[in-house]
Amino acid sequence: FDVEDGLPQNSAVALAVDRFGLLWVGTEDGLARFDGSRFVAFEGAVDRGWIPGNYIVALAADDDYVWIAAESGGLARFDLQTQTLLWTRTLPNLNVRIEGVLEKPANGNLLLYGSNTLTFNNYILEMDIITGAVLWQRDFDLGDNTDIFQRHFILGNDLYLAGAQRYLGGLDKIRASISRMDFNGNMDYTK
């Protein structure tokens, strides 16, 4: 699929499937939803304040909402039942890039992770799903290299974050890392 099929841009960066089976696609220039037959692009969504930026870096869906994270450090909450945007929040530190969003199993709040665009340190934070308030944030410096949390997976009661470490010599020198932590941001190890 591409722009001729209704996508706002040809690079699909983030995907999520909601409880109705609709596919949400985040691109480098906007958001679209696919019903199995056609794409509906959310054109003008940034100008209207519906989403926090055009470059959608992460999407997550639960039973009630689709969470939309933009490269600008903003997050939006879209209500699936009413088909309305409930709120948009910008993270307090404007130098953060959101790489992923997931639901915290214990209370349904969100965990967001990513990197600081100035220091290249990683962070993970918990956000209240009702108010959008940041409840806590942990920052991590995983070494002398540029470490970036990029993907997550859950195994039992542990959260694993996979990252890439880009050496100052360029993108041709990359090393992968895995970090394990609990759902309160307490890191157990990094390898």
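**Salt bridges and nonpolar cores**

Lys 104 forms a salt bridge with Glu 126, and the closest N and O atoms of the pair are 2.8 Å apart. Lys 104 lies in the loop between β9 (96-103) and β10 (110-116), whereas Glu 126 belongs to strand β11 (residues 122-127), so the pair ties together parts that are 22 residues apart in sequence. The model is a predicted one. Lys 104 is buried, with a relative accessible area of 7%, and Glu 126 is likewise buried, at 4%; both are assigned to this class because buried means under 20% relative accessible area.

In total, the structure holds two salt bridges. One of them joins Asp 188 to Arg 180, with the closest N and O atoms 2.3 Å apart. Asp 188 is partly exposed, its relative accessible area being 48%.

The largest nonpolar core comprises 18 residues, of which Trp 67, Leu 75, Val 101 and Leu 112 touch the most other members. Two or more residues of this core are given by each of the elements β5 (56-61), β6 (65-70), β9, β10 and β11. Strand β11 is also the element in which Glu 126 of the salt bridge with Lys 104 is found.

Trp 67 has an extensive list of contacts when residues up to four places away in sequence are not counted: Ala 58, Leu 59, Ala 60, Asp 62, Leu 75, Ala 76, Arg 77, Trp 87, Val 101, Leu 110 and Ile 129. Apart from the largest core lies another, of 13 residues, with Trp 24, Ala 45, Val 66 and Ala 76 among them. Ala 76, a member of this other core, is thus also one of the residues that Trp 67 touches.

How values were computed. Residues numbered from 1 in each chain as written. Predicted model: local features only at pLDDT ≥ 70, side-chain atom pairs only at ≥ 80, totals over all residues. Heavy atoms only, no water. Salt bridge = Lys/Arg side-chain N within 4 Å of Asp/Glu carboxyl O. Helix = DSSP H or I, 4+ residues; strand = E, 2+ residues; numbered from the N terminus. Buried < 20%, exposed > 50% of the residue type's maximum accessible area, 1.4 Å probe, protein only. Core = buried A, V, L, I, M, F, W, Y, C linked by side-chain atoms within 4.5 Å. Contact = heavy atoms within 4.5 Å.
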